[in-house]
Amino acid sequence: MNINEIKGIGPKKSALLNKELGIFTTEDMLGNYPVSYEDRSVIIPIGEIAADGVYFITASVVKIIKNYVYGNKGKMIKILVHDDTGGLEIIFFNASYYDKSFKVGEQYGFYGKVTFGKSGPQMVHPDFEKNSHEIKKEILPVYRTVKGITQKDLRKIAREAVSESININETLPVRILERNNICGRDFALKNIHFPADKKSFAAAKYRIIYEELFLLQTGLFIKGSSRCRTERGIAFSHDNYVGEFINSLNFTLTDAQQRVIREIVLDMESAVPMQRLVQGDVGSGKTVVAAAALYKAAKNGYQGVLMAPTELLADQHYDTFKNFFKNTDVKIGFLVSGISAKEKRETLEALKAGNIDILIGTHAVIQENVIFNKLGIVITDEQHRFGVEQRMKLAAKGNNPDILVMTATPIPRSLAVIIFGDLDISIIDELPPGRKQIITKVVSKKSRSAVYKKIEKLLNEGQQVYAVAPLIADSEAVEAVSAESLYEELCEKYPKYNPALLHGGMNQKEKDYIMQEFSEGKRGILAATVVIEVGINVPNATVMIVENAERFGLAQLHQLRGRVGRGEKQSYCYLITDPKSELGMERAKTIEETADGFVIAEKDLQMRGPGDFFGLRQHGLPQLVMADLVRHIGILNSLRSDVKEMLQEDPSLSLPYNRCVAEGVEKMFGSFENLGI
Ligand code: ADP
Ligand code: MG
């Protein structure tokens, strides 16, 4: 039914509802869930109200005092009401017309916030309704409103929608509902809007969350399985190039690195295109894993590309790779926006002609004019900096190349399965041997100078220090340390150690130069912003000081700490923070107590919620309305086997009793095409 057919909803309100809330029909209203509820299921006797709070009372009007003047501000209406247990004042400011709504001796229901004034309990501007017989006890929905539309309007439409509910179709297979003791859709929708009681409400809410997660999981499973069926990729030869590469290294791979490399090699040798995520904490050694895969591709006559999120990181990878492959015939190219036009032209030509085996670069490698001769493998480092689209754009430069994405931001496995439903996951859960645990300390601002004093000894021994600040330059608006002022301070204090400054506002040449000098040990201290967060590797740097640590997220702090502890020497991380910032303290303490990136990620998620968690939206997950991937992860885990079973029996969801699921999935994901079918 169109909402403009409802009494009291005229053309003006209809237009507002259409435009502002997207509600055209009563059916739309059913999907417009309440944001909260007013519990009017229990009537509270006035005599029992002892503290401020929101209450529902029924009381008779004893006296109406009109135009009661308060202070010099204006007039108000005061209505004295009472029930069997006590009395209360109802107050309406500047609203003389309210007197016509009440009659002495009649009974009304009042819902609102009670506060205690000089003359006892008061309720200001309550919701009220007249009911001479019996006040209806119920739990009422509260919807998001917009200007011109009242709560009452929305409730009216919702009541109409719910009363029509004969037409509500079931959207989940009945046998799955029965098996899991889940209520029907009509019951759920009725009770999510007008809960009969708390139990029915809980059942309704569970059902709606279950349905959302069921459809999400079904869609993601279909998405995950479709690629295997429909695409044919490159089957690299069964050879021992990777073994050859590993033997050429001057260190031994960890068991975890070996396991992950084996998983990658199997993928590469299969004709199904690889789509694999490698998760490994900072310093776990992902670069060498990428290099092994790229070497195998190159030796098979294919090209490979490694895309990094910053020029700094691309540059470092380039150096690392030149070193890895110095005794081989593998040709490496470098492409970032900072190189000269001539270099760029030469690189592009060589790439097109097949004279470059491995291309390392930044976003520059996705540009249209970058043409490969025979692209076989695409690797993105620090995946969370890139979206799916960028990954796909790069992959489109080849013919179903293998895809590997690497991330140092550990994602709890539970969530990774969802976010990366279309990827297989490998985890490097072991650090190279000889690494010492980084000693991490939360330091209050007061003790800041003590920290800087302490590092002098380490600087004297030739070790290096990072000092990170949240801002580039001092700001009037934000009270926090800036990299520039920190740099000046350090120059004054430690001229001997030749401090350097690095931030995102500098041009590439400057940044490269500074980074080069720091990694060669010419600079003892690097004052910086988070530009050094990702990937930078200077094993001789053993101290990380983070100023205003409360301004950084958990994952970010963990990443920053990961810049040290990369060599044999004991490393330290000092988190300087304002103890007044509670959340900041909590975050800092978490980092202090935990070294495991996965545990930190889990905590990060709890603190921030999945909405903020990187990449959720970026990874093209549909918007969930009521379900919350963190809070309801248990429900998701419990329904996965049902979804699997359903898809095994009926992969295309074409059996009559599964059609409703297909429709639901289609609605959620836009269309089946979006699932890659
Ligand atoms: P991340 O996983 O953070 O990208 P990197 O690949 O930059 O880590 O590796 C960090 C450092 O550890 C590098 O200096 C690298 O050469 C070194 N490394 C990697 N694997 C090993 C290993 N198995 N044994 C010793 N050192 C290793
Ligand atoms: Mg790395």
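**Asp83**

I looked up Asp83 in this predicted model and asked whether Asp83 is buried or exposed. Asp83 has 15% relative accessibility, and the cut-off for buried is under 20%, so I put Asp83 down as buried. I then traced where Asp83 sits in the chain. Asp83 belongs to the loop that joins strand E3 (74-82) to strand E4 (87-93).

Next I checked what the Asp83 side chain meets. One of its polar atoms is 2.8 Å from the backbone nitrogen of Thr85. I also listed contacts, leaving out residues up to four places away in sequence. On that count Asp83 touches Ile44, Pro45, Ile46, Thr58 and Ala59.

**Ser200**

I moved on to Ser200. Which helix holds Ser200? I found Ser200 in helix H6, which covers residues 198-230. The relative accessible area of Ser200 is 12%, so Ser200 is buried, the limit being under 20%. With residues up to four places away in sequence left out, I noted that Ser200 touches Phe187 and Asn191.

**Two positive phi angles**

I went through the backbone angles next. Most residues other than glycine have a negative phi. I therefore wrote down two residues that go against this general pattern.

His125 is not a glycine, yet its phi is positive, at about 45 degrees. I located His125 in the loop between strand E6 (120-124) and strand E7 (127-130). Its relative accessible area is 38%, so I entered His125 as partly exposed.

Leu653 is the other entry. Its phi is about 50 degrees, again positive, and Leu653 is not a glycine. Leu653 lies in a loop as well, between helix H20 (633-649) and helix H21 (659-669). Is Leu653 buried or exposed? Its relative accessible area is 0%, so Leu653 is buried.

**Ligand 1**

I turned to the ligand site. How many residues surround ligand 1? I have 16 of them on record, and the closest are Thr252, Gly283, Lys286, Thr287 and Asn537.

I then looked up polar contacts to oxygen atoms of ligand 1.

- Gly283 has a polar backbone atom 2.6 Å from an oxygen atom of ligand 1.
- Gly285 also offers a polar backbone atom, at 3.0 Å from an oxygen atom of the ligand.
- Arg566 uses its side chain, with a polar atom 3.1 Å from an oxygen atom of ligand 1.

I checked cover on the ligand too. Ligand 1 taken alone exposes 570 Å², and the protein buries 84% of that.

**Whole chain**

I closed with the overall figures. The chain has 677 residues, and 52% of these are buried. I noted 21 helices and 21 strands. The C-alpha atoms fill a box of roughly 100 × 70 × 45 Å along the principal axes.

I looked at contacts with a separation of 6 or more. Residues 24 or more positions apart account for 72% of them.

What is the accessible surface of the chain? I have about 31,600 Å². Carbon and sulfur atoms hold 50% of that surface.

Last came the charges. The chain carries 85 positive and 85 negative side chains. I noted that the centres of the two sets lie 3 Å apart.

Technical notes
Residues numbered from 1 in each chain as written. Chains lettered and ligands numbered in written order. Predicted model: local features only at pLDDT ≥ 70, side-chain atom pairs only at ≥ 80, totals over all residues. Heavy atoms only, no water. Helix = DSSP H or I, 4+ residues; strand = E, 2+ residues; numbered from the N terminus. Buried < 20%, exposed > 50% of the residue type's maximum accessible area, 1.4 Å probe, protein only. Contact = heavy atoms within 4.5 Å. Areas by Shrake-Rupley, 256 points an atom, 1.4 Å probe, with all protein chains shown as cover. Lys, Arg positive; Asp, Glu negative; His and termini not counted. Charge placed at Lys NZ, Arg CZ, Asp CG, Glu CD. Near = heavy atom within 4 Å. Polar contact = N/O pair within 3.5 Å; in protein donor to acceptor, adjacent residues only side chain to side chain.
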